[in-house]
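This report looks at a few local features of one protein model, to be read alongside its sequence and coordinates.

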Amino acid sequence: MFISLGKYGLLKRHTHFWAIYVNQPLCFWKSSVKAVRYLHQFKQIRPIQQVNRKLKRSRKSAERKDVDAKLYMRDTIGKISKLLRYSTWECAKEELEKLCIRWDSYTINQVLKTHPPMEKAWLFFNWASQLEGFKHDQFTYTTMLDIFGEAKRMSSMNYIFSQMQEKGIKIDAVTYTSLLHWLSKYGDFERSVKIWNEMNDKGCRPTVVSYTAYIKVLFDNNRVKEAAEVYKKMLQSGLAPNCFTYTVLMEHLFSSGKYKQALDIFSKMQEAGVQPDKATCNILIEKCCESGTTWPMTQILQFMKENSMVLRYPIFLKALETFENANESDFLLRQVNPHIKDEIVKPFVTDRELILNLLKQQKFAAIDHLLIEMIEKETQLDSSTVSTVVEVHCFHSKPKGALLAFDYSSKMQISIERPAYLALIGVLSRMGSFPKVVAIVEAMVTARITLGTYLGALLIYKLGRARKLFYASKIFNLLPDEEKNAAVYTALMSGHFYSGNANKGLKTYKTMREKGNSPTLGTYNVLLYGLEKCGKVHEVEIYRKEKSMQINESFYNVFSMEEKVCDFLFGGKM
């Protein structure tokens, strides 16, 4: 069907459209975070301040200063991104306010495009809106919309879009394309079609990327004839297909078993001056592996050999397995990928073995890439493997990878093991990322994995000493009633006293008594010290007498493990 449309522009030479690295079948972007935003983001030109024409500089000097400015901004944006990733919002906000930079749309957008955690991105977006002299524009709004789309927050994405409409922010092809892509990807095909129609009705001219994205949406929903009409319309509008357009067409034809027609496009796109890239070849090879067909694969491999391209490692393994199943030689495949030796290939037959070997070699970036791919493809790993990934990342102080593995386990509903949870809590606590610590504890409780008396009390105590009582209280409330013993209550009480809130400290003590938990020597130490510190002289005398009576009564009692933990943590003598 698409071959017959070639006269409209298949053989025309055309300018090369800006490109990103394509890496996924049925999707022309490496990962959802790099999705439509990177695929079709118009180049945003940073506002340039007027320069005094009287200042004469040599061309070399000007070029050097331009390079220095670009490097400075790149480093600054990288620094801001790390702040948002690895610091609490409170700490990040303080550091942001200290930065002596000009906060304009370009800078804000570049920070958002580094894709910090979604919650931090939204907090940063709102913080920026309150800056004096700054106003969000189509670029920052569209990037924020894309972040919500990637995170499957459809309601938040729709809210951003409605805000753009209400505030009169320009809505261009980039915004519409991002919106229709995410709507279709997460199941709302009908609204995706409505967005496309709205874009055309309002006179917003689609770009080649918009057409390509919509064609893919139609293919993914089995609307082949409609996709052909859209493709024809694109050619008639004077837009020439780019590499991504051809990739989408060939991918569909490969999925339909029309290999000859697809390879015809593969050949003719080169005649039209568009060279298939590494990503295109990887996508088509993977499609051949899914169907078990080797003859089209051989032609693509020959092209890759001639153009010094290699396969991604997971695709190489699939291709190797396909040739083995077909009882055909894999000689050409190995010629294309000479960097992959036999001793490297043989041990890997499953994703689990591949990940464990990469862990052994400490190839953390490769593991992160695989996990992102597995999340998108909903590939299932066992609990032990995911737990090992979390623990090794934490051991090597790689919190980003550890959290990625944790997110994978949450999305795939895999319950990781207790040591992995504890390793995450440890590394996140040291980073001061307390909201994530609370999230980990909540996941543990949901999975019915006990935090333990010692660790629970110690965590609450440390948060209290760091004046993070909000998070200490949240963790206390998350714990099941059977884990709220004297040690845990005493830890929370310590936090209240340390913050100077004697009333809440006393209230916590009384609640503990009402729940049937007997105070220990450590509890009284915390209670009396806290009351003295807060100037509660009368209460100090009352509870000092109570402490003496309690010690006399419990002299011959056998202490429970929880009581021993409480005394150990809070200075009691056994």
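The text below takes up a helix, a loop histidine and a surface patch in turn.

The model is predicted, and the values given here are computed from it.

Helix α7 covers residues 154-166, and its 13 residues reach 18 Å from the first C-alpha to the last, close to the 18 Å expected at 1.5 Å a residue. Within α7, the buried residues are M154, M157, I160, F161, Q163 and M164, and the buried residues of this helix pack against α5 (118-129), α6 (138-150), α8 (173-185) and α9 (189-201). Just after α7, G168 adopts a positive phi of about 75 degrees.

The loop between α5 and α6 holds H136, which counts as buried because its relative accessibility is 7%, under the 20% cut-off. Two approaches made by the side chain of H136 are set out here.

| Side chain | Partner | Distance |
|---|---|---|
| H136 | backbone oxygen of F125 | 2.8 Å |
| H136 | side chain of T140 (polar contact) | 3.1 Å |

When residues up to four places away in sequence are not counted, H136 touches I108, F125, A128, S129, Y141 and I169; F125 thus appears both among these contacts and as the residue whose backbone oxygen is reached by the H136 side chain.

On the surface, Y454, L455 and F568 make a nonpolar patch of about 310 Å². Y454 belongs to helix α25, which spans residues 453-465, and Y454 is classed as partly exposed because its relative accessible area is 36%, a value that falls between the 20% and 50% cut-offs.

How values were computed. Residues are numbered from 1 along each chain as its sequence is written. This is a predicted model: local features need pLDDT of at least 70, side-chain atom pairs count only at pLDDT 80 or more; totals for chains, interfaces and linings use all residues. Side-chain values use heavy atoms; hydrogens and water are left out. Helices (H or I, at least four residues) and strands (E, at least two) are DSSP runs, numbered from the N terminus. The expected span of a helix is 1.5 Å times one less than its number of residues. Buried means under 20% relative accessible area, exposed over 50%, partly exposed in between (1.4 Å probe, protein chains only). Contact means heavy atoms within 4.5 Å. A polar contact is a pair of N or O atoms within 3.5 Å; within protein, one must be able to donate a hydrogen and the other to accept it, and residues adjacent in sequence count only if both atoms are side-chain atoms. Patches are made of residues with over 30% relative accessible area and no salt bridge: like charges are joined within 9 Å, nonpolar side chains (Val, Leu, Ile, Met, Phe, Trp, Tyr) within 5 Å. Accessible areas come from the Shrake-Rupley method with a 1.4 Å probe; for residues, only the protein chains shown count as cover. A salt bridge is a side-chain nitrogen of Lys or Arg within 4 Å of a carboxyl oxygen of Asp or Glu.
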